[in-house]
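Please look at the chain shown below and read the report alongside it. The text begins with charged groups and rings, and then turns to the fold, the recorded sites and some single residues.

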Amino acid sequence: SATSASTSTSDSTASIAANVAFTDAATTVAATNTTPRLLRYQQVEGAFSNPNGDVAEVTAEWLFATVGEIRQLRSRSGDVAEDEDGGHAMGKQSVSLLPSLVELYSGNGNHTCCLSPHFIRVTAVEIEPRLCAAAYENFTVNGVENAVCRALPAEVFAREKTKNTLPHVKPSTSKTFKVRDGKRRESKEMVAEDEEKVEEVEREEEEDILACAGEHGVVLVDPPRAGLDLDTLALVRQFRSILYIACDARSLRRDLVERGLAESHDVRRMALFDHFPFSKFCEVAVWLEAKEMIL
């Protein structure tokens, strides 16, 4: 249930924009200075959104600060090697940024836009194609150039990546939106040969991300109140760092305790966000870190 600061609009095909100010960290891991950052979002009417803009802003700030803590943790744990110029490097990658983020149930990309400055690459997955299109608009408006959005269910993405393809699951026909040099490229607008090349490269990039998920990977999940299905949970537990936003605390407890996520990962930080005052539901955000590096 991706949050967004949005209101209603009179046209079912129209989009609306909401200005939300967040605090953005400086570009280096050790920096403590912060500068204001303004993010702007568009939301298609009739597609899912969380209407509580104030709490959405606080949630995004918590996520951003938590990912900053993950970056500092990686630096302190010795995963980061200092180069000759005094900067940091992880292999050939600059570790002023984490290598990658996989975000499931990404909605209109509001969290993607917020967190993208922390990462070299971001792969977002959202079941609703209209929200994927809105995510691209938000990428463009907010200058996000390192994100891909795939329009397919999280469980299908998970089965692709864990090779747990069930007989009733059809091969993915997802539509991919990618930002390259600030221009939109949609697979349906490409010639067949170009489309195949682009999708092959994107699949290879995803495989590279998942190959090092246990060592460096970060995954963000924001599922509906039912929580994670078993296939998605199997994928998520492969990541070293997990950010889990639960719409129902009971589903979170089930995934942690009954389905064993707490056996492989420790809870490092937790927060409660009352998106729906006077209702019985509160969103619970949890940062989990693998007890041992998963290789």
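The charged end of Arg225 is placed over the ring of Phe281, at 3.6 Å from the ring centre, where a charge sits over a ring if NZ of Lys or CZ of Arg is within 6 Å of the ring centre and within 35 degrees of the ring normal. The model is a predicted one, in which local features need pLDDT of at least 70 and side-chain atom pairs count only at pLDDT 80 or more, while totals for chains, interfaces and linings use all residues. Residues are numbered from 1 along each chain as its sequence is written, and side-chain values use heavy atoms, with hydrogens and water left out.

**Aromatic rings**

A search of the whole structure turns up one aromatic pair; rings of Phe, Tyr and Trp (its six-membered ring) pair if their centres lie within 6.5 Å, and planes under 30 degrees apart count as stacked, over 60 as edge-to-face and the rest as tilted. The partners are Trp62 and Phe273, whose ring centres are 6.2 Å apart and whose planes stand at 75°, so the pair is edge-to-face. Because Trp62 belongs to helix α1 (residues 53–76) and Phe273 to strand β13 (residues 265–273), the pair ties together parts that are 211 residues apart in sequence. Helices (H or I, at least four residues) and strands (E, at least two) are DSSP runs, numbered from the N terminus. Trp62 is buried, with a relative accessible area of 13%, and Phe273 is likewise buried, at 6%; buried means under 20% relative accessible area, exposed over 50% and partly exposed in between (1.4 Å probe, protein chains only).

**The chain as a whole**

The secondary structure comes to nine helices and 14 strands, and of the 295 residues of the chain, 51% count as buried. Among the contacts in the chain with a separation of 6 or more, 68% are between residues 24 or more positions apart, a contact being heavy atoms within 4.5 Å. The chain exposes about 13,900 Å², of which carbon and sulfur atoms supply 51%; these areas come from the Shrake-Rupley method with a 1.4 Å probe, and for residues only the protein chains shown count as cover.

**Recorded sites**

Which residues does UniProt list for "binding site"? The unreviewed entry names Tyr105, Glu126 and Asp222. These residues span 118 residues in sequence, yet no two of their C-alpha atoms are more than 10.4 Å apart, so they gather at one spot. UniProt also places the feature "active site" (unreviewed entry) at Cys247; its positions are given in the numbering used here, feature names are shortened, and annotations may be inferred rather than shown by experiment.

The places and accessibilities of some recorded residues are set out here.

| Residue | Place | Relative accessible area |
|---|---|---|
| Tyr105 | loop between β6 (98–104) and α2 | 15%, buried |
| Glu126 | strand β7 (residues 119–126) | 8%, buried |
| Cys247 | loop between β12 (241–246) and α8 (249–258) | 7%, buried |

Glu126 touches several residues beyond four places away in sequence, including Tyr105, Ser106, Arg150 and Leu152. The side chain of Glu126 also reaches the backbone nitrogen of Glu128 at 3.0 Å, a polar contact being a pair of N or O atoms within 3.5 Å; within protein, one must be able to donate a hydrogen and the other to accept it, and residues adjacent in sequence count only if both atoms are side-chain atoms.

**Helix α8**

Asp248 caps the N-terminal end of α8, with a side-chain oxygen 2.9 Å from the backbone nitrogen of Arg250. Within α8, Ser251, Leu252, Arg254, Asp255 and Leu256 are buried, and the buried residues of this helix pack against β12, α9 (261–264) and β14 (283–290). Gly260, whose phi is positive, near 85°, follows α8.

**Two residues at 0% accessibility**

Cys113 has its place in helix α2 (residues 110–115) and counts as buried at 0% relative accessibility. Leaving aside neighbours within four places in sequence, Cys113 is in contact with Arg37, Leu39, Tyr41, Asn138, Phe139, Asn142 and Val144. Cys113 and Asn138 are 25 residues apart along the chain, and their C-alpha atoms are separated by 7.3 Å.

Ala158, in helix α4 (residues 154–162), also counts as buried at 0% relative accessibility. Not counting residues up to four places away in sequence, Ala158 touches Asp231, Thr232 and Leu235.
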